[in-house]
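Reader: Could you take me through one part of this model up close, namely the open sheet and whatever packs against it? I'd like one connected walk rather than a list.

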Amino acid sequence: RTGARAVDLYDIDGFLTTRAQVRALHTTWQASTLPHPRAACYLDLAWEDYRPDGTPSPNGFPAAALGRVYFGFPQERWVDMRRVAAVMRVFDARIAMCARKGFDAVEIDDIDSFNPPGTTGFQLTRGDVQNLLARIDNRIHRAGMTALWKNSGILAWWGRRYADGAVVEECYQFDEC
């Protein structure tokens, strides 16, 4: 995008985007108000069977942490956010991947697993999610990147202490703005 169509932030898949593509975005693409666009590394907080860490293993989500299928996405399943050590092991590796590729930010999707509580199959609470998100956001900041969340207007007031911004899709449709 150039000229009037230039934008300042691209939210792009962390696994599918290469370091060279992030570098090209920073050095050759136009931004609207910045010297160059910023790149946010999209990561899903759900398990996705098509990701490199999608096979249950010592480096991936343990099978016991996998919950119900994410509605509408049969290749994705919710994860038990109370299994902090297991989930953080996966996210530490993902955050390090984003940093190595030169991303400016990490955007975490599917953080609203507690609403309603039975969505995941784990009866997660808002506190379970907040505990994990605070850890993830702190790790993102330690890696030198901006922390962004997607789709939980309910957590926005609490999250201002940890996240640097939010993307709330369909906020008017679901009255979450």
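**A walk across the sheet**

Author: Let's start in the sheet: S6 and strand S7 (residues 146-150) run parallel to each other, joined by 4 bridges. Keep in mind as we go that this is a predicted model. Within that pair, Ile108 sits opposite Trp149 of S7. Helix H3 (residues 126-142) packs on the sheet here, in touch with S6 and S7, and its direction makes about 145° with that of S7.

Now step over to the other neighbour of S6. Strand S6 (residues 105-109) is also joined to S2, again in parallel, by 5 bridges. If you want a marker for that pairing, look at Tyr42, which stands opposite Glu107 in S6. Tyr42 of S2 is handy for the next pairing as well, since Asp13 stands opposite it. That takes us to strand S1 (residues 9-13), which pairs with S2 in the parallel sense over 5 bridges. To get from S1 to S2 the chain passes through helix H1 (residues 19-28), and this β-α-β crossover is right-handed.

How covered is S2 itself? Strand S2 (residues 38-44) is mostly covered, with 6 of its 7 residues buried.

Put the pairings together and you have an open sheet of 5 strands in the order S1-S2-S6-S7-S8, paired in parallel. Its edge strands are S1 and strand S8 (165-167), each of which pairs on one side only. From one strand to the next, the twist averages 30°. H1 packs on this sheet too, touching S1 and S2, and its direction makes about 150° with that of S2.

Two arginines are worth a stop while you have the viewer open. Go to H3 and pick out Arg139, which lies in that helix. At 28% relative accessibility, Arg139 counts as partly exposed, because the partly exposed class lies between the 20% and 50% cut-offs. Leaving out neighbours within four places in sequence, Arg139 is in contact with Met88, Asp92 and Ile95. Helix H2 covers residues 84-100, so you can select that stretch and see those contacts of Arg139 in place. For a sense of distance, Arg139 and Gly118 are 21 residues apart in sequence and 28 Å apart in space, C-alpha to C-alpha.

The other arginine is Arg94, which has its place in helix H2. Is Arg94 buried or exposed? Its relative accessible area is 2%, so Arg94 is buried, the cut-off for that class being under 20%. Apart from residues up to four places away in sequence, Arg94 touches Phe15, Leu43, Asp44, Ala46, Glu48, Asp53 and Phe61. Among these, Leu43 and Asp44 fall in S2, which spans residues 38-44.

Zooming out, the protein chain has 4 helices and 8 strands. Read from the N terminus, its elements run β-α-β-β-β-β-α-β-α-β-α-β. The radius of gyration is 16 Å, close to the 16 Å that the globule rule gives for 177 residues, so the chain is as compact as a globular protein of that length. The C-alpha trace spans about 50 × 40 × 30 Å along its principal axes, and 45% of the 177 residues are buried. Of the contacts with a separation of 6 or more, 69% are between residues 24 or more positions apart. As for the outside, the accessible surface comes to about 9,300 Å², with 53% of it belonging to carbon and sulfur atoms.

Key
Residues are numbered from 1 along each chain as its sequence is written. This is a predicted model: local features need pLDDT of at least 70, side-chain atom pairs count only at pLDDT 80 or more; totals for chains, interfaces and linings use all residues. Side-chain values use heavy atoms; hydrogens and water are left out. Buried means under 20% relative accessible area, exposed over 50%, partly exposed in between (1.4 Å probe, protein chains only). Helices (H or I, at least four residues) and strands (E, at least two) are DSSP runs, numbered from the N terminus. Two strands pair if DSSP finds at least two bridges between them. A crossover is right-handed if, with the strands pointing away from the viewer, the path from the first strand over the helix to the second runs clockwise. The radius of gyration is taken over C-alpha atoms; the globule rule is 2.2 Å times the number of residues to the power 0.38. Contact means heavy atoms within 4.5 Å. Accessible areas come from the Shrake-Rupley method with a 1.4 Å probe; for residues, only the protein chains shown count as cover. Axes are lines fitted to C-alpha atoms, for helices over the stretch in contact, and angles run from 0 to 180 degrees between N-to-C directions.
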